[in-house]
Amino acid sequence: MIHMHLLQSPVHKAWGRRRHKKPTVFWLDDLGLVAEDCAYGHAIHVTEPEIALMGRRRVTVTSHPSCNFHMRNGITPVMPLRAVGVNVAMGLDDKTINDDEDAVMELRMMHKVHRLDTYELTNPPLGAYEALEMATVNGAKAAGFAGRTGALLPGMKADAILVDLDRVARDPWIDPKFDIADAFVERAMGSDVATVVVGGKVVIEDRRPLTIDVDGLYREIRAFCAKGLTPEQRARADLLARVKPHAQTWYAGWHDGLVDRPFYRVNSRG
Ligand SMILES: [Zn+2]
């Protein structure tokens, strides 16, 4: 698989047009980089013609919803991408909703954000099973493991999690006949994952990692961080801080007129 970030910000969209005189995905296509073995991170500022091409080529897009909010980049048009056959998977990007890499909570963020693609209530929203599919089968394909992981089937690697649903089902208003996919996507957290099996090997049991010493690792990281930045890193950070206002002035207004027709219309002024 070839992984790259794509059109994460509106300035990226503007830059592509100025530099290549065409939308960025068409320029990538000239280079042979719009294909089934290509996975694009973010892909927020893609246009309808670019999405149509991405669907024909069966590319993969990873969407990182919390990161996209945190970085003030926008919302990946996940529903239009899925509608044309793009393989959409979930990414974390080290900027999850709780800043703790909780993939289960991030899955919930993905599930919620993309319920808002339309106010047309007759259109079915993104379902829990579809969200699970993004996190499993589609994620395996994004990582280049299609047919090997992402599902529990004969011949595939035994990658699985066991989730303790006691906390999820604790509240008295939960129907005891709940659908477990709905319950997992709506209510579970990473800390409810009791057991993790990778390639048939148990690596977490009763919430305890068996293959790494987490406390020892954290001690090591804390000691490293306590040393602070090296003079070279400090100088680089200072340089970035000095350059930042000039970069912002340089790019001001580049995206004017390029973000006026959003895929998801979430409110209105008039
Ligand atoms: Zn990213």
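These exercises walk through a predicted model, each with a worked solution. Residues are numbered from 1 along each chain as its sequence is written. In this predicted model, local features need pLDDT of at least 70, side-chain atom pairs count only at pLDDT 80 or more, and totals for chains, interfaces and linings use all residues.

**Exercise 1. Place Ile2 in the fold and decide whether it is buried, partly exposed or exposed.**

Solution.
- Start with the element. Ile2 lies in strand β1, residues 2-6. Helices (H or I, at least four residues) and strands (E, at least two) are DSSP runs, numbered from the N terminus.
- Next, apply the cut-offs. A residue is buried with 20 or more other C-beta atoms within 10 Å of its own, exposed with 12 or fewer, and partly exposed in between; C-beta atoms are placed from the backbone.
- Ile2 has 13 C-beta neighbours inside 10 Å, so Ile2 counts as partly exposed.
- Now look for partners. Contact means that two C-beta atoms, placed from the backbone, lie within 7 Å. Leaving aside neighbours within four places in sequence, Ile2 touches Leu33, Asp37 and Cys38.
- Finish with a distance. Asp100 is 98 residues from Ile2 along the chain, and their C-alpha atoms are separated by 27 Å.

**Exercise 2. Work out the strand order and the pairing of the sheet that holds β1.**

Solution.
- Strands of a sheet pair through backbone hydrogen bonds, either parallel or antiparallel. Here two strands pair if DSSP finds at least two bridges between them.
- The order is β1-β2-β3-β4, an open sheet of four strands with parallel pairing.
- β1 and β4 are the edge strands, and each pairs on one side only.
- From one strand to the next, the twist averages 30°.
- Zoom in on one pair. β1 joins β2 (residues 38-42) in the parallel sense over five bridges. Leu6 stands opposite His42 in β2.

**Exercise 3. Which strands stand at the edges of the antiparallel sheet?**

Solution.
- This open sheet of four strands runs β5-β6-β7-β8, with antiparallel pairing.
- β5 (160-163) and β8 (208-209) each have a single partner strand, so they stand at the edges, with one side of each left without a neighbour in the sheet.
- β6 (residues 193-198) and β7 (residues 201-205) pair over three bridges in the antiparallel sense. Val197 stands opposite Val202 in β7.

**Exercise 4. Find which helix gives the largest share of the side of domain 1 that touches domain 2.**

Solution.
- Take the bounds, which come from an automatic or database domain assignment. Domain 1 is 2-154 + 218-251, and domain 2 is 158-211.
- The centres of the two domains, over C-alpha atoms, are 26 Å apart.
- Count the contacts: 13 residues of domain 1 meet ten residues of domain 2.
- On the domain 1 side, α6 and α7 each supply at least two residues. The largest share, six residues, comes from α6.
- Look inside α6 (residues 103-113). Its buried residues include Leu107, Met110 and Val113. The buried residues of α6 pack against β3, α4, β4, α7 and α9.

**Exercise 5. Describe how α7 and α9 cross.**

Solution.
- Two packed helices are described by the angle between their axes and the distance between the axes.
- The axes of α7 and α9 come within 9 Å and cross at roughly 70°. Axes are lines fitted to C-alpha atoms, for helices over the stretch in contact, and angles run from 0 to 180 degrees between N-to-C directions.
- Angles of 65 to 115 degrees count as roughly perpendicular. α7 and α9 are therefore roughly perpendicular to each other.
- Name the residues. Ala128, Tyr129, Ala131 and Leu132 in α7 meet Ala181, Asp182 and Val185 in α9.

Definitions and conventions. Angles under 35 degrees count as roughly parallel, over 145 as roughly antiparallel, 65 to 115 as roughly perpendicular and the rest as oblique.
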